[in-house]
Number of protein chains: 2
Amino acid sequence: MTPAFEDLIKALKPLPGLGARSAEKIALHLLVEKPARLPKLINALQEAGRHIRRCGLCGNLAEHEKCNICSDHTRNQDSICVVEQVPDLVAFERSGTYRGLYHVLHGKLSPVNGIGPDELNLSLLAKRCIDHPPYEIILALSNDIEGEATCHYIQQHTLAGSPAQISRIGFGIPSGSGVTYADPITLRSALKARTSYT
Amino acid sequence: MTPAFEDLIKALKPLPGLGARSAEKIALHLLVEKPARLPKLINALQEAGRHIRRCGLCGNLAEHEKCNICSDHTRNQDSICVVEQVPDLVAFERSGTYRGLYHVLHGKLSPVNGIGPDELNLSLLAKRCIDHPPYEIILALSNDIEGEATCHYIQQHTLAGSPAQISRIGFGIPSGSGVTYADPITLRSALKARTSYT
C-alpha cells in the first residue's frame, strides 16, 4: 500500500488485542469507510494525552490533582485496596463490591523484567499511610509468585510498623467453575484458603 | 473514569473488531503502560488523513494522483479486476495470483441500504474502459444477491457495448474444505460451477 498507510499500520499493530489484519481493517475503516471518524479519534487521543495524568495520591487516572475516587468523600476513607494496574481498579469498580479508596502500583515486583521496588508506586503508599493512617489495607495483587513477592515486600518494608490491618484477597475456584478444570496452582490456593464449617 | 478517558473510549469503541473492553485496554495502554506510543499514533493518523486519497483512476488508496498499482507499468495493462472494497484488492495482492490492474467500487448495489449505481465508483470504470479498452474485465464481487445484481448492472449498463471479455470469478467449495460443512448456497454455487472431466 502507500507509505503513510504502512506507517499507520505500524502504529496500530502493537496495541493490545490488535494484529496485522485488525490494524489493516481499522486503518481502512478510518480512511475509506468512515473518514469522519478519523478527526474525532485524533481529537480524543490528543485530549486524553493532554488532560489525563496520574492521581497524586493513589496513582489512578485523573484529570485533576486528585482522581474521582480520592475526591469522593462518600467513600470509606479508612480502607485502601492496593492493585497492580488501573484495569484492576476498574474491575473492582465494575463489581460494585468495594467502596473504599485504592492505591495503584503500576506493576508488581519482577526482577526478571527489571522491575524493583523503585519502579512501583510504593513511596506514595508509605507516605499516605503515615499522613492519614487507614484502618485496613487490602492487597489485591495477582495469585502468582510476583504478586506474592510484592505483597511480602509491602508488608515487610513499605508498611512496616503500620498499625493498619493488612490482608490479601482470597484465592481459589472462581465463581461458576469447579474443581475438574482448575489448574494445580488454583487448587493449591483453594485448599490453603479452605474455611471451616464448624 | 475521567471525561477525557470516556471520550477516548467512545472514539475507539466503534472501530471494527473493537468493543468496550478492548477499547478500554487500548486506552489504558496508550495512557499508562506505553505513553510514548500515543504521540506516534496521533502522528500516523494525522499523516494518513493528510496524504491518503483515492486513486483518480481505479479508486484504490493512493498518495498521489495515481496509486502504486496503476503507476506500475510492469503490470498487465489489458486486464481490470473489479472489486468491492480496498481489502479485496489487498487480499488478491497478498495471494500473488493476479498481475493486472484493479477497479474498486467501494461497495455493491444494495437498495435496502440506499446504495444505487450513483453511490458506486462506476462512471470512472466506464470512462477508463473507453479511454483504454482492456482485453478482459474480471468481476470479483461477492457470492451473494447484491454481488450478483452489481455484476449484472455492470454488464448491462456500465460496460454495455464494451468489446472486453467480461467474466465473474468462480464460486464453490473453498480450498481445504469439503461438502459436509458447506452451506446450501455454496453447494448450489459449486454444483453450478462444476467442470467436466471429459
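Helices, as I will use the word this morning, are DSSP runs of H or I that span at least four residues, and they are numbered from the N terminus. With that convention, A:Q155 is found in helix α6 of chain A, which covers residues 145-158. Please keep in mind throughout that what we have in front of us is a predicted model.

Let me stay with A:Q155 for a moment. At a relative accessibility of 43%, this glutamine counts as partly exposed, since that class takes in the values between the 20% limit for buried and the 50% limit for exposed. If we leave out residues up to four places away in sequence, A:Q155 touches A:A160 and A:I166. A little further along the chain there is A:R168, 13 residues from A:Q155, and the C-alpha atoms of these two are separated by 10 Å.

Now to chain A as a whole. Its secondary structure comes to 7 helices and 6 strands, and, read from the N terminus, the order of the elements is α-α-α-β-β-β-α-β-α-β-α-β-α. The radius of gyration of chain A is 21 Å, whereas the globule rule gives 16 Å for 198 residues, so the chain is more spread out than a compact globule. Taken along the principal axes, the box that the C-alpha atoms of chain A fill is roughly 65 × 45 × 35 Å.

What share of the 198 residues of chain A counts as buried? The value is 40%. As for the surface, the accessible area of chain A comes to about 11300 Å², and carbon and sulfur atoms hold 54% of that area. Turning to contacts, if we consider those in chain A with a separation of 6 or more, 47% of them are between residues 24 or more positions apart. Chain A also carries 21 positive and 20 negative charges, and the mean positions of the two sets are 4 Å apart.

Next, the relation between the two chains. A turn of 180°, with a shift of 0.0 Å along the axis, lays chain B on chain A with an RMSD of 0.1 Å. The two copies are thus related as by a two-fold rotation axis. Which residue of chain B comes closest to that rotation axis? The residue is B:I42, whose C-alpha lies at 2.9 Å from the axis. Of the interface residues of chain B, 100% are also interface residues in chain A, so the copies meet through the same surface.

I would now like to go through some individual positions in the loops, beginning with a backbone feature. Most residues other than glycine have a negative phi. Against that background, A:H106 has a phi near 60°, which is a positive value in a residue other than glycine. A:H106 lies in the loop between β4 (101-104) and α5 (123-131) of chain A, and at 14% relative accessibility this histidine counts as buried. In the other copy, phi of B:H106 is likewise near 60° and positive. B:H106 sits in the loop between β4 (100-104) and α5 (123-131) of chain B, and, with a relative accessible area of 13%, B:H106 is buried.

The loop between β4 and α5 of chain A also holds A:P117. Is this proline buried or exposed? Neither word quite fits, because at 28% relative accessibility A:P117 counts as partly exposed. Beyond its neighbours within four places in sequence, A:P117 is in contact with A:L109, A:L122 and A:Y153. A:T150 is 33 residues from A:P117 in sequence, and the two are 8.5 Å apart in space, C-alpha to C-alpha.

Two positions in chain B remain. B:P35 lies in the loop between α2 (20-33) and α3 (37-51), where it is partly exposed, with a relative accessible area of 45%. Leaving aside neighbours within four places in sequence, B:P35 is in contact with B:H29 and B:L30. From B:P35 to B:A91, 56 residues apart along the chain, the C-alpha separation is 33 Å.

The other position is B:H64, in the loop between β2 (61-62) and β3 (76-83) of chain B. B:H64 is exposed, with a relative accessible area of 56%, and its C-alpha atom is separated by 18 Å from that of B:R128, 64 residues apart from it along the chain.

Key. Residues numbered from 1 in each chain as written. Chains lettered and ligands numbered in written order. Predicted model: local features only at pLDDT ≥ 70, side-chain atom pairs only at ≥ 80, totals over all residues. Heavy atoms only, no water. Least-squares fit on C-alpha atoms with pLDDT ≥ 70 in both. Contact = heavy atoms within 4.5 Å. Rg over C-alpha atoms; globule rule 2.2 N^0.38 Å. Buried < 20%, exposed > 50% of the residue type's maximum accessible area, 1.4 Å probe, protein only. Areas by Shrake-Rupley, 256 points an atom, 1.4 Å probe, with all protein chains shown as cover. Lys, Arg positive; Asp, Glu negative; His and termini not counted. Charge placed at Lys NZ, Arg CZ, Asp CG, Glu CD.
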